[in-house]
Each structure stands twice: as structure tokens, then as C-alpha cells.
Amino acid sequence: MTGQSASLASSPLGPSPQAPDRRHGVGLTSRGGVAAGRSLTAIGAVARVVRRGVLLLVTGAVGVAAEEPENPYTSGIDVRMGLRQFQSKCTSCHGVDGTGGEEADGPDLTTGRFQHASTEAGLYEVIRDGIEGTSMRGLRRAGDQEIWQLVTYLRTLSRDVDVASLPGSVEAGRAVFERLDCGRCHMVEGRGGRRGPDLSRVGGRRGPDELAEDLTEPNAEVAPRWWTVRVTRADGTVVEGLRMGEDTFNLRIMDDEERLRSFAKASLRSVEREQKSTMPAEPLSDAEHDDLVAYLASLRGSDS
Ligand code: HEC
Ligand code: HEC
């Protein structure tokens, strides 16, 4: 098995430099998936807030274009949190899919254009403050994070990103995708691998900026489903892969050839879980990068 761990180490899946705080060893008996997921969100959010340090200072100063606060909560996890809140607080008036209420008078929120806001910060204000004189009441008691997550979710509803206005070319991007064999990990329209998320609708889920970041910083935000698990056996050999399942006695992971492998926990020296992606950051030229973003943004499922 040494042969295999050697090939792992030299492959793009091999260990990459990690800041110590993103690394997260988990004991054999720990099943802290959920708690760890939360701490991941927190770490990601803090990192992003720190990186965009202005945010905290100017949240109230909407309207000054140069200081428009940026939404720090835009990950896939934030989309899901926003969806959950939307379902519990907004669908009675705006409809389950956001296209407008049948009985109530909430308008369609999926057109990509809003009457009361032209930016994310504007949407933030509408959701926080409501719209005077209408049944749209603000979420005054909600936290900053909750409101931004709603903004993030609302943005995924609009089917209106104009792919033609992006700098890259969809066709050239498709060719780059094929040349770099992204499909060995990603499914598009039913073809491809399972070691990464299905990208058939990624353009509806992720905005162009987020897609650009997905390509250059795959480790920036990784949902627990895609964490890397590293198993060290009693003889010291190492196997890395995606965690597929776990119970008291066994751990199942999918290795880099999509083989499902099962390990008896008692026989292992250690199991480490790393909050990093198995996705390699490919060295791309600027043009290739733009083309890939355009191609990914164009993926909206077959009904688009
Ligand atoms: C009691 C009904 C009601 C609920 C609940 C409600 N809304 Fe609204 N919302 C409205 C109405 C009515 C309007 C349109 C007000 C107007 O412009 O006349 C509106 C407008 C909006 C707008 C602005 C649309 C535009 O074109 O500018 C946004 C954004 C919005 N709502 C988001 C939300 C979110 C997010 C929630 C849940 C947290 C929510 N609403 C809950 C009734 C509601
Ligand atoms: C070795 C497997 C692997 C390869 C090769 C790979 N990816 Fe990924 N990719 C992943 C995994 C795992 C994730 C989920 C974790 C993360 O966000 O990094 C991911 C995430 C993504 C996402 C974000 C998807 C979402 O739903 O948030 C995009 C976009 C993406 N990859 C595009 C690409 C493109 C384009 C290529 C080719 C240049 C590529 N990937 C090559 C494994 C891979």
C-alpha cells in the first residue's frame, strides 16, 4: 500500500499547505460533524470579515457607493441557511418559490430586479427595515448574519445573470473544462465523477464572483460533506478520501478512484478530518479563468 500513499502524496490530492487553524483532527470516537460544521462557518465568516475589514465599520453607511458594505455570508452553507429562513418567514407572502404570493400580495422576488433596492446592501436594508406603509415588515430583531444569508438566498433566486455580459466565453470555457478534465470529479448533465458537487445547476446557485473564487481558492469554504478524511492504518500507510459513512465500528471513505473503502476503526492508528477541499487549484491564465467562469455561470440545468 505504500505505492498508493506515495501516489496520493504526489497527486493533486496530496496534502497542501494548511494554516494550522483550518486543520481539524477528529478522534476516532468523535462524531462531531454538525458541531464542527458550525465552527467551520464561523471560521469562514470571521476570516471573511477580517479580510474585508471595512464591513463592520460601514454597515450603517449604505448609499455611499465607495463604502457599500459587502455581503460576508455567501457560501453554499449560507444559501441553505437563508433558504431555511425564507421558508419560515417569507413564503406566506412571497410564495414557496419566491415568485409571489397567491393569496397575499408579496411580489415576485426572482426576476433579478427589485423596485426598492439595486444592490445587496439595499436588499439588506429592505429586509431589515421593511417597506413603510405595506405589509412588508422588517426583521428588526434578526442578526446581521441572518439578514445577509437571506440576501444571499434571494440572489440565487434570480435567473437573470447575463452570461453574455461576462468577460469570458462559454464555448472556450467548456473546452477548458474538458481539457483539464474537471469532469473526473464533477457531474454535468449526468456525465462525470462524484468526487465533487454536481455542477449541472451551479450557475443558478453561485454568482460569477463566487465561481471565480471556487476556482482560485477551493479551500476558502468547504461544506463538511466534502472534507478530506485521512486514515492512517496501524502499519503507517495512509489513505485519503471523502467521508461516505461512519458508525461506531467502521468508517467508509471514497478514495481518489471513486472506490468505496471500509475500515474497522479499531484497526486504525488515526483518523483526521481536514476542512479542506480535495479540489486542486489549477494554474489558469486570466483568459482561461474568465472562460471557465462564463461556462460555469451558464450551467443552469436543462430547463433554462
Ligand atoms: C406579510 C407579508 C410579507 C412577508 C411575511 C414578507 N414580505 Fe416582503 N414584501 C411584501 C410586500 C407586500 C412587498 C411589496 C411592498 C411594496 O413595494 O408595495 C414586499 C417586498 C419585499 C422586497 C422588495 C421587493 C422589491 O421589488 O423591491 C423584498 C426584497 C422582500 N419583500 C423580501 C422579503 C423577505 C426576505 C421576507 C422574509 C424575511 C419577506 N419579504 C416577508 C410582503 C411580505
Ligand atoms: C479531485 C477532484 C476535483 C477536481 C479535479 C475538480 N474539482 Fe471542483 N470541487 C471538488 C470538490 C470536492 C468540491 C467541493 C468542495 C469545495 O468547495 O472545494 C469542488 C467544488 C467546485 C465548485 C463549487 C461548487 C459548488 O457547488 O459550490 C466549482 C465551481 C468547481 N469545483 C469547479 C471545478 C472546475 C472548473 C474544475 C476543473 C478546472 C474542478 N472543479 C476540478 C473536487 C474537484
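**Around ligand 2, and how far to trust the model**

The shell around ligand 2 breaks down into 17 nonpolar residues, five polar ones and six charged ones. This comes from a predicted model, and the shell holds 28 residues, with Cys182, Cys185, Gly196, Ser277 and Met279 the closest to the ligand. Three elements each give two or more residues to this shell: α9 (202–205), α10 (208–216) and α11 (286–297). Of these, α10 chips in the largest share, with three residues.

Elsewhere in the chain, two helices cross paths. Helix α4 (residues 76–89) and helix α7 (residues 144–157) have axes that come within 7 Å and cross at roughly 95°. An angle from 65 to 115 degrees counts as roughly perpendicular, so that is how α4 and α7 sit relative to each other. On the α4 side, the contact is made by Asp78, Val79, Met81, Gly82, Leu83, Gln85 and Phe86. Helix α7 brings Glu146, Gln149, Leu150, Thr152, Tyr153 and Thr156 to the contact. Sorted by type, the residues of this contact come out as six nonpolar, five polar and two charged.

How confident is the prediction? The protein chain averages a pLDDT of 76, and 75% of the residues score at least 70. Confidence peaks in helix α8 (residues 170–179), at a mean of 96, and bottoms out in strand β1 (residues 23–25), at a mean of 35. Over residues 1–66, pLDDT stays under 50, although the model has 65 contacts beyond four places in sequence for that stretch. Where pLDDT is low, the predicted coordinates shouldn't be read in detail.

Technical notes:
Residues are numbered from 1 along each chain as its sequence is written. Chains are lettered from A and ligands numbered from 1 in the order in which they are written. This is a predicted model: local features need pLDDT of at least 70, side-chain atom pairs count only at pLDDT 80 or more; totals for chains, interfaces and linings use all residues. pLDDT is the predictor's confidence in each residue, from 0 to 100. Helices (H or I, at least four residues) and strands (E, at least two) are DSSP runs, numbered from the N terminus. Two residues are in contact if their C-beta atoms, placed from the backbone, lie within 7 Å. A residue is near a molecule or strand if its C-beta atom, placed from the backbone, lies within 6 Å of it. Ala, Val, Leu, Ile, Met, Phe, Trp, Tyr, Cys and Pro count as nonpolar, Asp, Glu, Lys and Arg as charged, and the others, Gly among them, as polar. Axes are lines fitted to C-alpha atoms, for helices over the stretch in contact, and angles run from 0 to 180 degrees between N-to-C directions. Angles under 35 degrees count as roughly parallel, over 145 as roughly antiparallel, 65 to 115 as roughly perpendicular and the rest as oblique.
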